[in-house]
Amino acid sequence: MAVLLTGGAGYIGSHICIELLQAGMDVVVIDNFSNSKPEAVRRVQQITGKKYPVYHEDLRDRAAVEKIFAENTIDCVIHLAGSKAVGESVQKPILYYDNNLVSTLVLCDVMRDYGCKKIIFSSSATVYGAPEQVPVTEETPVSADTTPYGKTKLFIEYMLQDIAKSDPDWSVILLRYFNPIGAHASGLIGEDPAGIPNNLMPFVTQVAAGKLEKLSVFGTDYDTPDGTCVRDFIHVVDLAQGHVKSIAKAMENSGVFIYNLGTGKGYSVQQLVDAFQQANDIEIPYQYAPRRKGDIAQIYADCSKAQRELGWQAQHDLFEMCRDSWNWQKKNPQGLA
Ligand code: UD1
């Protein structure tokens, strides 16, 4: 059983590689290393004691993708590759549509040619936009009232659903991630964003490491219990295990299946900062700042469908997420070499 991970050297991809290898599966990675480093692959191989092929190629390069399928018998694809900086997508929509959509079309076309019709897509809670009610279920309406980044997630969901409709052999699993944080317990791999982090947890850990001076908490006047935004933070190892379960589902079924991957619990930005300080006995200098454009007040998942149909449930609590995020950053103050 061999699984191709596109973007398999990234933060989420490298954690998935570990879980798949430890579950006895073979792994093949394609990554253009635009937002990841070869060192992540080396660390995964160190943790698991297993080696696997890594293609340093761009998914938009059809010949390169064909070569991977010609050289390996791929049973299932986990499609993670894509640009993901929300703000940048507003500035550079052509880049985002080209990189995220064209790559997916090339991938699916080659998959079909090689008779590999099982794909698990890394979608996002961003497809729900600003939901009228929380928690959101998979039936909650999706919204295209979002950034180019968010639209690429939604468009890819639609593309894959149309492909599945055209040919009953396809199995498409759309995983809507909430807010992945945390790191592998070894502290050898974790989130290592290039430049100044856009997301909350890497910003917090870099403040804790002294790389950044102070956290800004964006918005204190939201309609939430403490006025700061509420999110469903999920440990990246739990998220990775959700993919192991999804592979079993994809191999045994055809059609389209959509799952929320979160914990089902909402915590505020303030609660996360407090939990981080308590879990790690460390002080995070922070200040309150105006709202960040485009943020929604609150979102968290109803994950009962994934529990029912995949037999999956997040295991780690917020304390463990904060502990593991800091363990990673503390051991790697400059990130991956
Ligand atoms: C963001 C994206 C989402 C994407 C996800 C993963 C937006 C609107 N959404 O989710 O589409 O799938 O990242 O890349 O950008 N915060 C601070 N200070 C900071 C950073 C963040 O207070 O320095 C707050 C934010 O205002 C937000 C919360 O922390 O309320 C979480 O932010 P973030 O980690 O960026 O995730 P999302 O915005 O939920």
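**Exercise 1. Locate His79 and describe its environment.**

Solution. Step 1: His79 belongs to strand 4, residues 76-79. Helices (H or I, at least four residues) and strands (E, at least two) are DSSP runs, numbered from the N terminus. The model is predicted, so local features need pLDDT of at least 70 and side-chain atom pairs count only at pLDDT 80 or more, whereas totals for chains, interfaces and linings use all residues. Residues are numbered from 1 along each chain as its sequence is written, and side-chain values use heavy atoms, with hydrogens and water left out.

Step 2: The relative accessible area of His79 is 0%, so His79 is buried. Buried means under 20% relative accessible area, exposed over 50%, and partly exposed in between (1.4 Å probe, protein chains only).

Step 3: The side chains of His79 and Thr104 are joined by a polar contact of 2.9 Å. A polar contact is a pair of N or O atoms within 3.5 Å; within protein, one must be able to donate a hydrogen and the other to accept it, and residues adjacent in sequence count only if both atoms are side-chain atoms.

Step 4: Not counting residues up to four places away in sequence, His79 touches Thr6, Leu59, Thr104, Leu107, Ile119, Ile120, Phe121 and Ser122. Contact means heavy atoms within 4.5 Å.

**Exercise 2. State which strand holds Ser124, and which backbone nitrogen its side chain reaches.**

Solution. Step 1: Ser124 is found in strand 5, residues 118-124. With a relative accessible area of 12%, Ser124 is buried.

Step 2: The side chain of Ser124 reaches the backbone nitrogen of Thr126 at 2.9 Å.

Step 3: Apart from residues up to four places away in sequence, Ser124 touches Tyr149, Lys153, Leu175, Arg176 and Tyr177.

**Exercise 3. Determine whether Leu154 and Phe155 of helix 6 are buried or partly exposed.**

Solution. Step 1: Leu154 has its place in helix 6, and Phe155 lies in helix 6 as well, which spans residues 148-166.

Step 2: Leu154 is buried, at a relative accessible area of 2%. Phe155 is partly exposed, at 32%.

Step 3: Leaving aside neighbours within four places in sequence, Leu154 is in contact with Val127, Val142, Ser143 and Ala144.

Step 4: Phe155 joins Val142 and Tyr158 in a nonpolar patch on the surface, with about 240 Å² of accessible area together. Patches are made of residues with over 30% relative accessible area and no salt bridge: like charges are joined within 9 Å, nonpolar side chains (Val, Leu, Ile, Met, Phe, Trp, Tyr) within 5 Å. Accessible areas come from the Shrake-Rupley method with a 1.4 Å probe; for residues, only the protein chains shown count as cover.

**Exercise 4. Describe the burial of helix 7 and identify what packs against it.**

Solution. Step 1: Helix 7, residues 200-208, is mostly covered, with nine of its nine residues buried.

Step 2: Strand 7 (179-181), strand 8 (215-218), strand 10 (233-235), helix 9 (269-280) and helix 11 pack against these buried residues.

Step 3: Gly210 follows helix 7 and has a positive phi, near 80°.

**Exercise 5. Examine the salt bridges, taking helix 2 and helix 3 as cases.**

Solution. Step 1: A salt bridge is a side-chain nitrogen of Lys or Arg within 4 Å of a carboxyl oxygen of Asp or Glu. The structure holds 19 salt bridges.

Step 2: Glu39 bridges to Arg42, with the closest N and O atoms 2.9 Å apart. Because Glu39 and Arg42 are three residues apart in helix 2, about one helical turn separates them. Glu39 is buried at 15% relative accessible area, whereas Arg42 is partly exposed at 45%.

Step 3: Glu71 bridges to Lys67, with the closest N and O atoms 3.1 Å apart. Glu71 and Lys67 are four residues apart in helix 3 (residues 62-71), so about one helical turn separates them.

Step 4: A network of salt bridges links Arg62, Glu66, Asp109, Arg112 and Asp113.

**Exercise 6. Count the disulfides and explain why Cys108 and Cys322 form no such bond.**

Solution. Step 1: A disulfide is a pair of cysteine sulfur atoms within 2.5 Å. By this rule, the count comes to zero disulfides.

Step 2: The closest cysteine sulfur to that of Cys108 is in Cys116, 9.8 Å away, which is too far for a bond. For Cys322, the closest cysteine sulfur is in Cys229, at 17 Å, also too far for a bond.

Step 3: Cys108 is buried at 6% relative accessible area, and Cys322 is buried at 0%.
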